[in-house]
Amino acid sequence: MDGEPYSGSHMAVLRVRLDLVPTVPEVVTELVGYPHGEEHTYGYPVRLPVTDYGLSAESGPPTGAVVPAKLLDAVVPFMTEHPGHSSGLWLRLVPPYGHLGAIPWEREIVPRIWQPMIRVPDLLPVAADLGRVWSVAIVVHELPHREERGILWAPWYVASFIKMLHRAIGSGVAAHVFADGVTYEGLRRLLPEYGPAHLYPVADSETAGQDHPVSEAAWAESPAGLPSPFLWADWIASSLRGEAVRALYVLAPATFDGDRPVLTMGPDPQQPTDPDDSVYVTAEDLRQLANRLGASTLCLGSPEDNPCDAATRLLADALGQHRAGPTFYSDLRVDPDGAALAGAHAFLNDPARLDPIPRDPSLFGHLQPRHVQALLDEPWPDPDGPDQSWLTGRTSMGDSATSQELVPAFDAVPDTERISDQYAGGAAVPTWVAATERYLETKAAKLLEAASIPGETPPMKQAFDRGMAWALSDLRRLTQVQDYEDLRAHTLGVEDDYEDPHSDTLWVEDDDYEDPRAHTLGVEEDYAQPEEDYLRSEEE
């Protein structure tokens, strides 16, 4: 294909697809722009075998993934000679793309162009981000302590990251920390010096599932293939006591279960865990936990001693590809104090987008283009325009009359701006409200993907899709009927001027601790989260 000359300042998209026709699969990359709304390819496509990217031509987990010099020679000069891209370089990995998500694109390209590089997920509704306080649940599990290291990385990193969060965002930060037993003891000593945070006693994890059950079966897979009790999810959800968080950040080692990337965590946070006794945490487990906590943003950290960074990268990429909310990966070896990730959180927290788009080789992130529309030099291409299936992850809605019937109902589902405005001034947001938003986003995304089928779908499937679309639309209307201001002020007792009573102090809970939020928010010990039955009935 002949390359088009570059003129003016346009968004740049690095389009990457996998060609499985050759004996050795090939990776085809193109620089694409949309001046005046029309697609143009700049330069010439770069076609290289997957082995040049450090990937095996056979199936199997990736190891040693790299960005080949020939691709850098094509991308870097273009981006440095035409620096007028305020939104940086967008990376679109066209499904299906195998293990290309594990390639360190950002680590190799960003330092050379020194512009943001953002991964484009499947185009979905923009997630509603509720509340004015940046609340983040930090979940950390460190590998068993090794005497020769002399020090654990996790307490120092978590304390530093919290410090950087306060520095980047200011006083409107609420950090909730859930750590394994050894890390917990380290954090008890460090956090008073680094900044205010809510550090939850690890001993509470043992009874969390009994007192505040969130999941029907708190069991997870183990390397031996046997079910093991898994206490983390119930501990986290019950400790937050009906209060949603805006972000979930998980730090844990990773591995491959066959070809499947997973995190490995001890089933009991109190007990040091040998890797052979760990349980597997899958991408679906992480997605469900984020949804139950109401978190629109999900972050995965790759620890310094992570035995399999490629697995963490693939997990973050798979989650980001199909989530409506932002998803980030952070390499702690490149960002040891968490400053770059804290800057990314500050960017997401700023509704006016005054903070710059994250630009650091330690990060990669998936953002819906509409999330940063104000920073784009030109409108993002119409996802349902002709020949745009590579960009959306689905075929055009206009290609199916059945899909067109669903558009009115589908458009009523997200309504992100209205629900965000309702809670823009709230210091605390009920979990059921945020979890309902995550539920609606997930179901709307699945409906959009399933309904976008060329031609006509079978009558029974058409009826199902129509019923699902209108059910979601009705559910959205039901939630809008509620007067959220009265609900927040009277039912939960949270006023607009509510301030966290522990915003200036370290929050370390003791065994006899009685959470003042139980009275401030009107949440009793036997409080049952409404979203539990709601989500459970849907799963059944």
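Of the 540 residues in the protein, 57% are buried. The model is a predicted one, and its secondary structure adds up to 17 helices and 18 strands. Contacts reach well along the chain: taking pairs at least 6 apart in sequence, 74% of the contacts join residues at least 24 apart.

On to the nonpolar interior. In soluble globular proteins, nonpolar side chains tend to be buried together. Here the largest nonpolar core holds 82 residues, and the members that touch the most others are Ile138, Tyr157, Leu248, Tyr249, Leu263, Leu293 and Leu341. Helix H3 supplies the largest share of this core, with 9 residues. A separate core of 30 residues lies apart from it, and includes Leu14, Val50, Val76 and Val110. Back in the largest core, leucine 293 gives a feel for the packing: setting aside residues up to four places away in sequence, leucine 293 touches Ala137, Ile236, Ala237, Leu240, Ala244, Val245, Leu248 and Thr431.

Aromatic rings come next. A pair of aromatic rings is described by the distance of the centres and the angle of the planes. The whole structure contains 9 aromatic pairs. One of them is the stacked pair of tyrosine 42 and phenylalanine 78, with 5.4 Å from centre to centre and 20° between the planes. This pair ties together distant parts of the chain, since tyrosine 42 sits in strand E3 (residues 40-49) and phenylalanine 78 in helix H1, 36 residues apart. Tyrosine 42 and phenylalanine 78 are both buried. Phenylalanine 161 and tyrosine 249, on the other hand, meet edge-to-face, at 5.2 Å centre to centre and 65° between the planes. Again distant parts of the chain are linked: phenylalanine 161 belongs to helix H3 (residues 153-169) and tyrosine 249 to strand E11 (residues 247-251), 88 residues apart. Phenylalanine 161 and tyrosine 249 are buried too. Ring pairs also connect Trp153, Tyr157, Phe161 and Tyr249 as a cluster. Two of the names in that cluster, Tyr157 and Tyr249, also appear among the best-connected members of the largest core. Elsewhere, a charged side chain meets a ring: arginine 119 lies over the face of phenylalanine 364, 3.7 Å from the ring centre.

Helix H2 (residues 105-113) is worth a closer look. Its buried residues are Trp105, Glu106, Ile109, Val110 and Ile113. Viewed down the axis of H2, these buried residues fall within an arc of 100°, so they line one face of the helix. That fits the usual geometry: an α-helix has 3.6 residues a turn, so residues three or four places apart point the same way. As for partners, the buried residues of H2 pack against strand E1 (12-19), helix H1 (69-81), strand E4 (89-93), strand E5 (117-119) and strand E17 (363-366).

The end of H2 has its own quirk. Tryptophan 114, just after the helix, lies in the loop between H2 and E5. Its phi is near 45°, a positive value in a residue other than glycine. Tryptophan 114 counts as partly exposed because its relative accessibility is 44%, between the 20% and 50% cut-offs.

Proline 361 approaches H2 from far along the sequence. This proline lies in the loop between helix H9 (339-349) and E17. With a relative accessible area of 17%, under the 20% cut-off, proline 361 is buried. Proline 361 and valine 110 are 251 residues apart in sequence, yet their C-alpha atoms are 5.7 Å apart in space. Leaving out neighbours within four places in sequence, proline 361 contacts Glu106, Arg107, Val110, Pro111, Trp114 and Val334.

Two more backbone features turn up in loops. Proline 95 and proline 96 are joined by a cis peptide bond, with omega at about -5°, and proline 96 is in the loop between E4 and H2. Arginine 241, not a glycine, has a positive phi of about 55°, and is placed in the loop between helix H6 (232-240) and E11.

Last comes helix H8 (residues 309-322). At 1.5 Å a residue, its 14 residues should span 20 Å, and the end C-alpha atoms are 21 Å apart, which agrees. H8 is mostly covered, with 12 of its 14 residues buried; among them are Asp309, Arg313, Asp317 and Gln321, along with Leu314, Leu315 and Leu319.

Notes
Residues numbered from 1 in each chain as written. Predicted model: local features only at pLDDT ≥ 70, side-chain atom pairs only at ≥ 80, totals over all residues. Heavy atoms only, no water. Buried < 20%, exposed > 50% of the residue type's maximum accessible area, 1.4 Å probe, protein only. Helix = DSSP H or I, 4+ residues; strand = E, 2+ residues; numbered from the N terminus. Arc of directions from axis to C-beta. Contact = heavy atoms within 4.5 Å. Phe/Tyr/Trp six-rings, centres within 6.5 Å; stacked < 30°, edge-to-face > 60°. Lys NZ or Arg CZ within 6 Å of the ring centre and 35° of its normal. Expected span 1.5 Å × (residues − 1). Core = buried A, V, L, I, M, F, W, Y, C linked by side-chain atoms within 4.5 Å.
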